[in-house]
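Biologist: I am new to this structure and would like to be led through it slowly. Could we take it one question at a time, with the reasoning spelled out?

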Amino acid sequence: MARITIATGGSRGDVQPFVALGKGLADKGHDVRLATHRTFEDFVRSYGLDFAPIEGDPQAMLNEQRGQDWVETGRQGSEFARGFRDLIGPMLDKGTDDALAACEDTELLLFAGPTFYAFYNVAEKLNLPFIQTYLQPIQPTRAFPSAVFPSRFGGHALTNYLTHVIGGQAFWQLMRPTVNDIRTAKLGLPPLSYFGPFMDMMRRKLPVIYGYSPTILPRPSDWNEAFHVSGFWFLDDNDRWEPPDDLAAFLADGPPPVYVGFGSMVSRDPAALTATVVEALERAGQRGIILGGWAGLAQDDLPSSILQLEEAPHDWLFPRMAAVVHHGGIGTTHVGLRAGRPTLVVPFFGDQPFWGDRVTALGAGPESIPYTELTASRLSQAIDQAVNDTSIRSRAEEVGRHI
């Protein structure tokens, strides 16, 4: 059995699948350490995993001015990449120290997402074998466009492929000076090439495990044998949670409600966003449950048809809903579809529009409504469609069974 370090960063939805992966590996007898933000330490340790801290507080970053600007103006493409550089770049020096400490006595390293540059460099410094583990597709393919660099020119095979190449290079060129400065000054490593590490790793066929469902996004036929799509890593801890009395009573008091929550997304005007949601639910004639989240959905004078919660496990809550409305985060999308519930995505930025498009393509929900275009009228119409369109309900149930 091996001593394994898993490194990931981001919001709860980015971290929880890797807790599930770590728990699965620990159940097989491996010694697993999860390296992530300190705010998740208690959560990680509650599943019997070792913990190592890495730099950053994602909620604090998104609540800062530059974080809010990133969410509102850097939705995809080069602006998203620049926002990533501006937020992640300054943390990379300290993050590299954290990565060195997290990899002490490690025999195998798994890393993902924002932790890539620090842990890739440390793996090279310590001569550690590693596996890339991602929740979003990043390797080029002709089958679909980049999750964060979509094409305006249709889903043609060549343009799809180019969005991955151009998007990957946009990220790398913005990060390259900082990454190479740290490699040479801190780690004594040579600078990485102008084109970066990804082309080299693809050429060497180094293993990649994608933790998303092939039901939601089938594995492309043009990927080589090193790229694996395992299915999503669900934590499945329903038996650890009991609903509070107000939630149990609300669910028993009428037909299934519609869930609305935007997870780790932040809003400059939570009151206005809450008012939009409340008006939309009332227009649609639907009972609702709204989850506060980082967006701060809250209102003192809610009608009796709407219940406000601060938190509840999605995997417990979603099967009891008529439909789910959320931001399109990878974890929330998988849990909602696995529950067999019609899904309406209101994407804010990043890969969220990509997953919203996948929901629509699957027939498991209405067309997404970008956050910047959200109105009570549009939201109420989409909620009505999600709840009452029999073809959407049937397809969502079918997708849930497959997942």
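Modeller: Gladly, and please keep in mind throughout that this is a predicted model.

Biologist: Which strands stand at the edges of the open sheet of 7 strands?

Modeller: The strands of this sheet follow the order β3-β2-β1-β4-β5-β6-β7, and their pairing is parallel. A strand at the edge has a single partner, so one of its sides is left without a neighbour in the sheet. From one strand to the next the twist averages 20 degrees. The edge strands are β3 (50–54) and β7 (227–229).

Biologist: Within that sheet, which residue of β4 stands opposite Ile6?

Modeller: Strand β1, residues 3–7, runs parallel to strand β4, residues 108–111, and 4 bridges join the two. The residue of β4 that stands opposite Ile6 is Leu110.

Biologist: At about what angle does α7 run to β4?

Modeller: Two helices can be placed against the strands here. Helix α1 (residues 12–27) packs on the sheet and touches β1, β2 (31–37), β4 and β5 (130–134), with its direction at about 170 degrees to that of β2. Helix α7, for its part, lies across β1, β2, β3, β4 and β5, and its angle to β4 is about 160 degrees.

Biologist: How do α7 and α8 lie relative to each other, and what class of angle does that make?

Modeller: The axes of helix α7 (residues 116–126) and helix α8 (residues 157–185) come within 11 Å of each other and cross at roughly 45 degrees. The crossing of α7 past α8 is right-handed. Because of that crossing angle, the class of α7 relative to α8 is oblique.

Biologist: How many nonpolar residues does the contact of α7 with α8 have?

Modeller: On the α7 side the meeting residues are Tyr117, Tyr120, Asn121 and Glu124, while α8 brings Phe171, Trp172, Met175, Val179 and Arg183. Sorted by class, the contact has 2 charged residues and 1 polar residue, and its nonpolar residues number 6.

Biologist: Turning to the open sheet of 5 strands, which residue of β10 stands opposite Ile289?

Modeller: This sheet has the order β10-β9-β8-β11-β12 with parallel pairing, and β10 (306–309) is an edge strand, so one side of it is left without a neighbour in the sheet. Strand β9 (residues 288–291) pairs with β10 in the parallel sense over 4 bridges. Opposite Ile289 in β10 stands Leu307.

Biologist: Is Leu247 buried or exposed?

Modeller: Leu247 lies in helix α10, residues 245–252. Leaving aside neighbours within four places in sequence, its contacts are Trp241, Ile289, Leu307, Leu309, Trp316 and Leu317, and its C-alpha atom is separated by 8.2 Å from that of Leu309, 62 residues apart along the chain. Since its relative accessibility is 0%, Leu247 counts as buried.

Biologist: How many of the 11 residues of helix α14 are buried?

Modeller: The buried residues of α14 are Gln352, Pro353, Phe354, Trp355, Gly356, Arg358, Val359 and Leu362, and they pack against α13 (330–338), β12 and α16 (390–402). Helix α14 (residues 352–362) is therefore largely enclosed by the rest of the structure, and the number of its residues that are buried is 8.

Biologist: Which residue just after α14 takes a positive phi?

Modeller: The place to look is directly behind the helix. There, with a phi of about 80 degrees, comes Gly363.

Notes. Residues numbered from 1 in each chain as written. Predicted model: local features only at pLDDT ≥ 70, side-chain atom pairs only at ≥ 80, totals over all residues. Heavy atoms only, no water. Pairing = 2+ DSSP bridges. Buried < 20%, exposed > 50% of the residue type's maximum accessible area, 1.4 Å probe, protein only. Contact = heavy atoms within 4.5 Å. Axes fitted to C-alpha atoms, helices over the stretch in contact; angles between N-to-C directions. Parallel < 35°, antiparallel > 145°, perpendicular 65-115°, else oblique. Left-handed = near helix turned anticlockwise from the far one by under 90°. Nonpolar A, V, L, I, M, F, W, Y, C, P; charged D, E, K, R; others polar.
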